[in-house]
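Grab a coffee and open the viewer. Below is a set of short exercises, each with a worked solution.

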Amino acid sequence: LRPHEVKQLFESLSVGCPKELRTYAMVHLAYSLGLRPVEISSLQLDDIAFGKAKLTLKRRKNDTPLELPIPEQTLKAIVAYMVGGRPQSSSQHLFLTLCAPHGPMVPGLVGRYIQEAMHTAGLNASAYWLRHSYAQHLLSAGASIYEIKEMLGHDHIESSRKYLHIHTDLMREVIVDELL
């Protein structure tokens with residue numbers, strides 16, 4: 001997604017009911033940390049260190065735990081969901097279904113709610129587009145492919161490469177700098 005599309009997505013999100021608060025928090029996690037729907041669905045309450053603004057992913061595709069900093073807006077989105085949207089439950093899963101008995105969200109539902117939010121914003125995209133955008137924006141900000149590999153939790157650099165597309169604006173800057 002281009003920066004204006006990301007802005008369009010976040011501006012279109014509502015937070016007026018529990019379902020919207022939950023989707024808002026899930027979209028933040030997918031975009032700001034590049035989390036997969038399966039990682040979002042498996043998050044536990046004790047995976048979040050609110051005071052340190054850190055998220056520990058214990059259940060990952062490659063079984064390698066990873067600690068990530070949580071951006072302030074994402075942390076606020078999680079807190080808003082926990083206070084105003086998360087049903088009372090003894091479940092330690094962060095994201096719960098809204099109908100009793102309030103079980104954990106499954107990855108398919110996480111992906112579906114994120115995709116619905118994107119369609120509402122006028123974007124024909126899936127939840128994984130946010131992961132790809134996260135990787136691309138890290139690259140644009142100067143992160144190396146090795147740092148991106150670690151942030152995405154990939155075992156092999158080849159897995160990360162497919163998330164990174166040629167950034168034409170960056171290419172133009174490099175070419176113009178070379179010519180001057």
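**Exercise 1: Helix α2**

Take helix α2 and compare its length with what you'd expect. Start by counting: α2 has 15 residues. Next, go from its first C-alpha to its last, which gives 21 Å. At 1.5 Å a residue, the expected reach is 21 Å, so the two values are close. Keep in mind that you're working on a predicted model.

Now work out how covered α2 is. The cut-off you need is that buried means under 20% relative accessible area. By that rule, 12 of the 15 residues in α2 are buried, so the helix is mostly covered. Among them are Leu21, Tyr24, Met26, Val27 and Leu29, along with Arg22 and His28.

Finish with Pro18, which is also found in α2. Is Pro18 buried, exposed or partly exposed? Its relative accessibility is 35%, so Pro18 counts as partly exposed. Then look across the chain: Leu98 is 80 residues away from Pro18 in sequence, yet their C-alpha atoms are separated by 7.8 Å.

**Exercise 2: The overall layout**

Zoom out and list the secondary structure. How many helices and strands does the protein have? The tally is 9 helices and 3 strands. Reading from the N terminus, the order is α-α-α-β-β-β-α-α-α-α-α-α. For the protein as a whole, which has 180 residues, the buried share is 42%.

**Exercise 3: Rings and charges**

Find the aromatic pairs and classify one of them. A pair of rings is described by the distance of the centres and the angle of the planes. Searching the whole structure turns up 2 aromatic pairs. For Phe10 and Tyr31, the ring centres are 5.9 Å apart and the planes sit at 65 degrees, so this pair is edge-to-face. As for what it connects, Phe10 belongs to helix α1 (residues 3-12) and Tyr31 to helix α2 (residues 18-32), so the pair links distant parts of the chain, 21 residues apart.

Next, which arginines lie over the face of Tyr113? One is Arg22, at 4.7 Å from the ring centre. Another is Arg112, at 5.3 Å from the ring centre of Tyr113.

**Exercise 4: The second largest pocket**

Describe the second largest pocket and its walls. Begin with the volume: the pocket holds about 200 Å³ of space. Then pick out the lining, which includes Ser12, Leu13, Lys19, Thr23, Tyr113 and Glu116. The elements that give two or more residues to this lining are α2 and α5 (107-120). Which element gives the most? That's α5, with 4 residues. Last, sort the lining by character: 3 residues are nonpolar, 4 polar and 3 charged.

**Exercise 5: Unusual backbone**

Hunt for backbone geometry that stands out. As a baseline, most residues other than glycine have a negative phi, and most peptide bonds are trans. Where is the cis peptide bond? It joins Ala100 and Pro101, with omega at about 15 degrees. Pro101 sits in the loop between α4 and α5.

Then check for positive phi. Ala53 is not a glycine, but its phi is positive at about 55 degrees. You'll find Ala53 in the loop between β1 (48-49) and β2 (54-57). His102 also has a positive phi, near 55 degrees.

Stay with His102 for one more step. This residue is found in the loop between α4 (72-84) and α5. Is His102 buried or exposed? Its relative accessible area is 18%, so His102 is buried. To place it relative to Arg86, use both separations: 16 residues in sequence, and 9.2 Å in space from C-alpha to C-alpha.

Note on methods. Residues numbered from 1 in each chain as written. Predicted model: local features only at pLDDT ≥ 70, side-chain atom pairs only at ≥ 80, totals over all residues. Heavy atoms only, no water. Phe/Tyr/Trp six-rings, centres within 6.5 Å; stacked < 30°, edge-to-face > 60°. Lys NZ or Arg CZ within 6 Å of the ring centre and 35° of its normal. 1 Å grid on protein atoms, 1.4 Å probe; cavity = no way out; pocket = protein on both sides within 12 Å on 5 of 7 lines; lining within 4 Å. Points joined across faces, edges and corners; volume = space filled by probe spheres on them. Nonpolar A, V, L, I, M, F, W, Y, C, P; charged D, E, K, R; others polar. Buried < 20%, exposed > 50% of the residue type's maximum accessible area, 1.4 Å probe, protein only.
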